[in-house]
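Me: I have a model open and want to learn how to read its salt bridges and its buried positions. Can you take me through them?

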Amino acid sequence: LPQPLIWWDDDGEQAAVAVQAERHTGPDGEIMEVLGVILPDGEAAVVLLEDVDLVDDTDPTWRDLVARAVDGAED
């Protein structure tokens, strides 16, 4: 960590950087792997590992998502 990633949520895809990773066991014994992430606007979120694609910071899709998020924040 940190690890660039693309998070697939209900609104589509977002660029983020994972800064924390944890594994939790739920009351039913199911294991959940979660990541603490920072979004390009500085906000933080907790996401499921199964909802992300880990990428390199040179990934063109990730870089485009970051650029669009930063440009959109200036509007």
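Reply: What follows goes through the salt bridges, then one residue in a helix. Keep in mind that this is a predicted model.

Me: How many salt bridges are there by the distance rule?

Reply: The rule asks for a side-chain nitrogen of Lys or Arg within 4 Å of a carboxyl oxygen of Asp or Glu. Here the count is two.

Me: Which strands hold Glu 33 and Arg 23?

Reply: Glu 33 and Arg 23 form a salt bridge, with 2.5 Å from N to O. Glu 33 sits in strand 3 (residues 31–38) and Arg 23 in strand 2 (residues 12–25), so the pair, 10 residues apart, links distant parts of the chain.

Me: Are these two side chains buried or exposed?

Reply: Exposed means over 50% relative accessible area, and buried means under 20%. Arg 23 has 58%, so Arg 23 counts as exposed. Glu 33, at 33%, is partly exposed.

Me: How far apart are Arg 68 and Asp 64 along helix 1?

Reply: They are four residues apart in helix 1 (residues 60–73), which means a separation of about one helical turn. Their closest N and O atoms are 3.0 Å apart, in a salt bridge. Arg 68 is partly exposed at 47%, and Asp 64 is partly exposed at 37%.

Me: Is Leu 65 buried or exposed?

Reply: Leu 65, also in helix 1, has a relative accessible area of 8% and is therefore buried.

Me: Which residues does Leu 65 touch, leaving out those up to four places away in sequence?

Reply: Leu 65 touches Ile 6, Glu 13, Gln 14 and Ala 15.

Methods: Residues numbered from 1 in each chain as written. Predicted model: local features only at pLDDT ≥ 70, side-chain atom pairs only at ≥ 80, totals over all residues. Heavy atoms only, no water. Helix = DSSP H or I, 4+ residues; strand = E, 2+ residues; numbered from the N terminus. Buried < 20%, exposed > 50% of the residue type's maximum accessible area, 1.4 Å probe, protein only. Contact = heavy atoms within 4.5 Å.
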